[in-house]
Amino acid sequence: QVQLVESGGGLVQAGGSLRLSCAASGRTLSSYCMGWFRQAPGKEREFVSAISRSGGSTYIANSVKGRFTISRDNAKNTAYLQLNSLKPEDTAIYYCAAAQTYTAGYVARRSSEYNYWGQGTQVTVSS
């Protein structure tokens with residue numbers, strides 16, 4: 001019902017920045033809470049950030065708080081994750097996901113709450 005495609009990943013030096021995009025097609029993006037997760041080799045998939053349907057509520061993981069910012073532009077059917085002050089430990093495949101939520105202000109933080117997933121984009125941070 002909705003397809004998600006991530007872009008913007010790449011190789012950067014520690015301290016650098018990247019802007020990840022998640023373009024949606026199908027049902028309008030405003031129908032979903034949008035989230036970002038990441039997974040490094042040998043590690044569990046980790047919640048990074050999410051933003052409610054309305055855009056009025058966000059959650060950010062403690063590991064990236066103060067460095068990453070989530071946003072959305074429903075008119076463009078696109079969600080974003082701004083990555084600043086990148087560290088080598090941020091290296092992972094980053095996935096965007098869409099969740100049907102009970103209310104417009106709800107922010108989903110569990111992987112199991114998300115209905116649709118993108119293919120992921122690789123972020124590599126060198127030291």
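Which cysteines does a disulfide join here? Cys22 is joined to Cys96, with an S to S distance of 2.0 Å. Please keep in mind as you look around that this is a predicted model, and that the values below are computed from it.

Let's stay with that link for a moment. The structure holds one disulfide, and the bond between Cys22 and Cys96 is right-handed, with 60° about the S-S bond. To see what the link connects, find Cys22 in strand 3, which covers residues 18–26, and then Cys96 in strand 9, which covers residues 92–99. These parts are 74 residues apart in sequence, so the disulfide ties together pieces of the chain that you would not place side by side from the sequence numbering. Are the two partners buried or exposed? Cys22 has a relative accessibility of 0%, so this residue counts as buried, the cut-off being under 20%. Cys96 also comes out at 0% and is therefore buried.

There is another cysteine to look at, Cys33, and this residue is in no disulfide. The nearest cysteine sulfur to Cys33 belongs to Cys22, and it is 12 Å away. A sulfur pair has to be within 2.5 Å to count as a disulfide. Cys33 is itself buried, with a relative accessible area of 0%.

Now step back to the whole chain. How many helices and strands does the chain have? The count is zero helices and eleven strands, so if you follow the sequence from one end to the other, the pattern reads β-β-β-β-β-β-β-β-β-β-β.

The overall dimensions come next. Along the principal axes, the C-alpha atoms fill a box of roughly 40 × 25 × 25 Å. For 127 residues, a compact globule would have a radius of gyration near 14 Å, and the chain, at 13 Å, agrees with that.

How is the interior put together? Of the 127 residues in the chain, 42% are buried. The contacts add to this picture: taking those between residues at least 6 apart in sequence, 62% join residues at least 24 apart.

Finally, turn to the outside. The chain has an accessible surface of about 6400 Å², and carbon and sulfur atoms account for 45% of that area. As for charge, the chain carries 13 positive and 7 negative charges, and the mean positions of these two groups are 6 Å apart.

Terms used. Residues are numbered from 1 along each chain as its sequence is written. This is a predicted model: local features need pLDDT of at least 70, side-chain atom pairs count only at pLDDT 80 or more; totals for chains, interfaces and linings use all residues. Side-chain values use heavy atoms; hydrogens and water are left out. Helices (H or I, at least four residues) and strands (E, at least two) are DSSP runs, numbered from the N terminus. Buried means under 20% relative accessible area, exposed over 50%, partly exposed in between (1.4 Å probe, protein chains only). The radius of gyration is taken over C-alpha atoms; the globule rule is 2.2 Å times the number of residues to the power 0.38. Contact means heavy atoms within 4.5 Å. Accessible areas come from the Shrake-Rupley method with a 1.4 Å probe; for residues, only the protein chains shown count as cover. Lys and Arg count as positive and Asp and Glu as negative; His and the chain ends are not counted. The place of a charge is taken as NZ of Lys, CZ of Arg, CG of Asp or CD of Glu.
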